[in-house]
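These are my notebook entries on a single protein chain. I set out the terms as they arise and record what I looked up under each heading.

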Amino acid sequence: MIETEPLLFRSAKLIDNHTSQSILHLSVQETLDYFKSFGVLLFRGFGVDYEQMKAFAEKFSSRFVLDKDRPIVDPRNKFVTLVDPGMHYVSPHCENANSPFRPDVIWFCCGVPASQGGETLFWNGVRVWEELDQELRQLFIAKKIKFCQKFPAADWKRFLGVGATLADVKRTLNGIPGLSYKINDDQSISIEYVCSAVVKTKYGHQDAFANSLIAEYKNPRGVVTFADSSPIPATVINQIQQVMNKLTEVIPWQAGDLVMIDNSRFLHGRRSFTDTKRRIYSLLSYLK
């Protein structure tokens, strides 16, 4: 039986290890039931390292995907990466929600917490949607959003795997709803992806404002507009941000922590920090 405790925040469930057992001995079905219910699980006291994170994630996952922007930690565990480079604040986002390749789960493992700051932040997209005023909800029901990105050849080859070709790109991208792309002379790929800012959660099929709108709007390299290419007013972004500021929840990292996040329901980000020793590992997967 998994022993759990409520956390100081509303959404997540803490699974605390009171018996010195390995995380690999936890019941898969019971863990999955908690995950379906809460959407964020924090495993504490199990002393998890990134290899155990991968082994535990394999019990739930059908496949893993590699984040193109993050450094690989260990060639033997090529899907395990360090989280976003830099020490800056990271705005709310769902992983890969600016593309049709959104994974089901984000796994985070804490090797070394920052001495100050660096906490992972998260937001319940269901609650965000409920808290938006009626006018904003109607706006995002009526209008989809469009993300524009450009991927150098090195990026899509890393994403698709060693030896990937332009034929593989076409096989991967052709026929995806809402997606259009162009292959440039330098073999970079320009992509436009149109989707709703409001998604149905994987479990429960609730409406959730779970997307990458805020992060891409504030990203100097990102472009996000309404689907008709009209700009999204800053006033709209500010209203969303005000709602999210009230709903921010925090994971205060301890070494050996493991977190499992439902990427269809929760957005995540992080506080800034200055401690260069901080090590948080990540893994992205699709569930079985």
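I take helices (H or I, at least four residues) and strands (E, at least two) as DSSP runs, numbered from the N terminus. I work on a predicted model, in which local features need pLDDT of at least 70, side-chain atom pairs count only at pLDDT 80 or more, and totals for chains, interfaces and linings use all residues. Residues are numbered from 1 along each chain as its sequence is written, and side-chain values use heavy atoms, with hydrogens and water left out.

**Entry 1: salt bridges**

I looked up charged pairs, since side chains of opposite charge can pair when their charged atoms come close. I count a salt bridge where a side-chain nitrogen of Lys or Arg lies within 4 Å of a carboxyl oxygen of Asp or Glu. The rule yields eleven salt bridges.

I began with R171 and D168, whose closest N and O atoms are 2.4 Å apart. Why are R171 and D168 separated by about one helical turn? Both belong to helix α6 (residues 166–173), and they are three residues apart in that helix, so about one turn separates them. For burial I use relative accessible area: buried is under 20%, exposed is over 50%, and partly exposed is in between (1.4 Å probe, protein chains only). R171 is exposed at 61%, whereas D168 is partly exposed at 23%. I also noted a network: salt bridges with shared partners join E51, D74 and R76.

Within that network I examined R76 and D74, which form a salt bridge with their closest N and O atoms 3.1 Å apart. R76 is exposed, with a relative accessible area of 68%. D74 is buried, with a relative accessible area of 5%.

I then turned to K202 and D104, whose side chains form a salt bridge at 3.8 Å, N to O. This pair links distant parts of the chain, 98 residues apart: K202 is in the loop between β12 (199–200) and β13 (207–208), and D104 is in the loop between β6 (90–93) and β7 (105–112). I recorded K202 as partly exposed at 35% and D104 as buried at 16%.

**Entry 2: an open sheet**

I take two strands as paired if DSSP finds at least two bridges between them. I traced an open sheet of four strands in the order β6-β17-β8-β15, with antiparallel pairing. Which strands stand at the edges? They are β6 and β15 (249–251); each has a single partner strand, so one side of each lacks a neighbour in the sheet. From one strand to the next the twist averages 20°; for such angles, axes are lines fitted to C-alpha atoms, for helices over the stretch in contact, and the angles run from 0 to 180 degrees between N-to-C directions.

I followed β6 to strand β17 (residues 266–270), with which it pairs in the antiparallel sense over two bridges. V90 stands opposite R270 in β17.

**Entry 3: domains and nonpolar cores**

Domain bounds here come from an automatic or database domain assignment. The chain is divided into domain 1 (12–87 + 98–120 + 249–263 + 273–287) and domain 2 (127–243). Their C-alpha centres lie 24 Å apart. I count contact as heavy atoms within 4.5 Å; the contact between the domains takes 18 residues from domain 1 and 18 residues from domain 2.

I define a nonpolar core as a set of buried Ala, Val, Leu, Ile, Met, Phe, Trp, Tyr and Cys residues joined through side-chain atoms within 4.5 Å. How many residues has the largest nonpolar core? It has 61 residues, and those with the most contacts inside it are F140, I145, F209, L213 and I240. Helix α8 (residues 234–246) gives the most to this core, with five residues. Domain 1 and domain 2 each contribute at least three residues to this core.

I checked I240 separately: not counting residues up to four places away in sequence, I240 touches L132, L136, F140, F209, L213 and I214. A second, separate core has 26 residues, including I15, L26, Y34 and L283.

**Entry 4: single residues**

I looked up T225, which is in strand β14 (residues 223–226). T225 is buried at 13% relative accessible area. Leaving aside neighbours within four places in sequence, T225 is in contact with I145, K146, S230 and I232.

I closed with A55, which lies in helix α2 (residues 50–58). A55 is partly exposed at 26%. A55 and K218 are 163 residues apart in sequence and 35 Å apart in space, C-alpha to C-alpha.
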